[in-house]
Amino acid sequence: MTSLYRKYRPVNFDLVFGQNHITKTLQNQIRDSNISHAYLFTGVRGTGKTSVAKIFARAINCENEELKPCNVCESCVSILANRSANVIEIDAASNNGVDNIRDIKEEVKYPPATGKYKVYIIDEVHMLSIGAFNAMLKTLEEPPSYVIFILATTDPNKVPATIHSRVQRFDFRRIAAEVLAENIRDYTLKENINITDDALMYIAKLGDGSARDTLSILDKAASVNRELDLKSLQEILGNIDNGIIESLAESILLKDTKNIIDTIEHINSLGKDYISLVQDLIAHFRNLLVKSISDNDKHSAVLIYCLEELIILSQTIKNEKYPRLFVEVYCIKLALRDEAYKASPLDNKETSQRDNIGASKKQPLEEQTPKKPALKNWREALNKQEPTTPIEPIQSGLTEEQVSDLENKINANIEWR
Ligand SMILES: [Zn+2]
């Protein structure tokens, strides 16, 4: 099934919401024959940068209309179908080298076979290497009259000043929750999704200014139930959350770093707040620890290590501008716990408080790093591993005082649900 975000990607200027200041200016430029040869579109993901770039590319090549694309002529249709030679989309995240830019410099020498303009849309342009930026400067300054560059970025501060001075910049705003809710209401009617106003507003707020994220949350909720009020919505999202938390915890325990990165990417697309994510993760690990202690199994030390690090993380990200980065780094650190232990400068400090908790820091928690187990269940997988040095059960590793100290630390950091 096509995602709502793809299905309702705006195909004309008046369908882009929240960015009138940009769409109006672009249309005025077309009307006055005053279009620039290079633009920089900035803004968080899902605010319409690429959509507007493509609408603009169709408008200036359209055979029927002047100020907007007709979306039915051969030029418009071929651009819509991504088969036009006049619109070249490049993802700078994967094509960031000097050679990629040299290819563009070669190509721009040839005028378009049909239509008026060749439009190069370079997405995530801040990912280009310095060499690639330098190679681009001359072309950007004096491209042939039939070439237009539209550079898009979520991180304009990483784009060199030499590029900024050669482009016309448009800042795409985060879309206000009210505007998102109002516009997405139309889609819910077309899709027969029955959603109350407060539930829709709740989704729009979670979307945090991004149409893509908002629609992706709506997509998820509507795939479970097409009758949504605030209560049922929160339940559904809560269940989705639990599934994600379990998956993230399992990836950490199974040392599946790729899945950690994928899961965090998914969490990001749902617009989940990272501080509450870490709290949920702490609560989940705490439940696993309680079960581990009551089962008297050998996983308590690993779980305590994870809990300790997550508690530090919960403190660290409170004032961080880029919480996602910290969450990723900490989760990967937990997954790579054997390496972290070996490299830890705390290894030889007898006074380290953390040495007192759980297994000795001088030994890796799990001596062997086996290949990724094919088992889904982490407990089964961990049981299959035969550590050369068995991890002592919690009862002998911690004094009562230390257990209560740890519990206090956990309780101080999370609100129980
Ligand atoms: Zn057209």
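## A strand wrapped up on both sides

Let's start in the middle of things: strand 4 (residues 147–153) is largely enclosed by the rest of the structure, because seven of its seven residues are buried. "Buried" means that 20 or more other C-beta atoms lie within 10 Å of the residue's own; with 12 or fewer the residue is exposed, in between it is partly exposed, and the C-beta atoms are placed from the backbone. Strands here are DSSP runs of E with at least two residues, helices are runs of H or I with at least four, and both are numbered from the N terminus.

Take a look at the two faces of strand 4. On one side sit V147, F149, L151 and T153, on the other I148, I150 and A152, and all of them are buried.

## What you're looking at

This is a predicted model, so a few ground rules apply: local features need pLDDT of at least 70, side-chain atom pairs count only at pLDDT 80 or more, and totals for chains, interfaces and linings use all residues. Residue numbers start from 1 along each chain, following the sequence as written.

The chain's secondary structure comes to 19 helices and seven strands. Of its 417 residues, 36% are buried. Now for contacts, where two residues count if their C-beta atoms, placed from the backbone, lie within 7 Å. Among contacts with a separation of 6 or more, 74% are between residues 24 or more positions apart.

## The sheet around strand 4

Strand 4 belongs to an open sheet of five strands, in the order 2-3-4-1-5, with parallel pairing. Its edge strands are strand 2 (87–91) and strand 5 (168–171), each of which pairs on one side only. From one strand to the next, the twist averages 20°. To count as a pair, two strands need at least two bridges found by DSSP.

Let's walk through some of those pairs. Strand 3 and strand 4 run parallel and share five bridges, and one of the matches is I121 with I150 in strand 4. Strand 1 also pairs with strand 4 in the parallel sense over five bridges; here A38 has F149 in strand 4 as its bridge partner. Strand 1 is joined to strand 5 as well, by four bridges and again in parallel, with Y39 partnered by Q168 in strand 5.

There's a handedness to spot too: strand 3, helix 6 and strand 4 make a right-handed β-α-β unit. Right-handed means that, with the strands pointing away from you, the path from the first strand over the helix to the second runs clockwise.

## Two helices side by side

General background: two packed helices are described by the angle between their axes and the distance between the axes. The axes of helix 11 (residues 230–253) and helix 12 (residues 257–269) come within 9 Å and cross at roughly 160°. These axes are lines fitted to C-alpha atoms, for helices over the stretch in contact, and the angles run from 0 to 180 degrees between N-to-C directions. Helix 11 and helix 12 are therefore roughly antiparallel to each other. That label covers angles over 145 degrees, while those under 35 are roughly parallel, 65 to 115 roughly perpendicular and the rest oblique.

The crossing of helix 11 and helix 12 is left-handed, a word used when the near helix is turned anticlockwise from the far one by less than a right angle, with clockwise being right-handed. Where do the two helices meet? I244, S247, L248, S251 and I252 in helix 11 meet N259, I260, T263, H266 and I267 in helix 12.

## Loops worth a look

Most residues other than glycine have a negative phi. S33 isn't a glycine, yet its phi is positive, at about 50°. You'll find S33 in the loop between helix 2 (20–31) and strand 1 (38–42). E124 isn't a glycine either, and its phi is also positive at about 50°; E124 is in the loop between strand 3 (118–123) and helix 6 (130–141). Buried or exposed? S33 is exposed, with 6 other C-beta atoms within 10 Å, whereas E124 counts as buried with 20.

V108 lies in the loop between helix 5 (98–107) and strand 3, and with 17 C-beta neighbours inside 10 Å it counts as partly exposed. Leaving out residues up to four places away in sequence, V108 touches K118, T139, P143, P144 and V147. The C-alpha atoms of V108 and P144 are separated by 7.3 Å, though the two are 36 residues apart along the chain.
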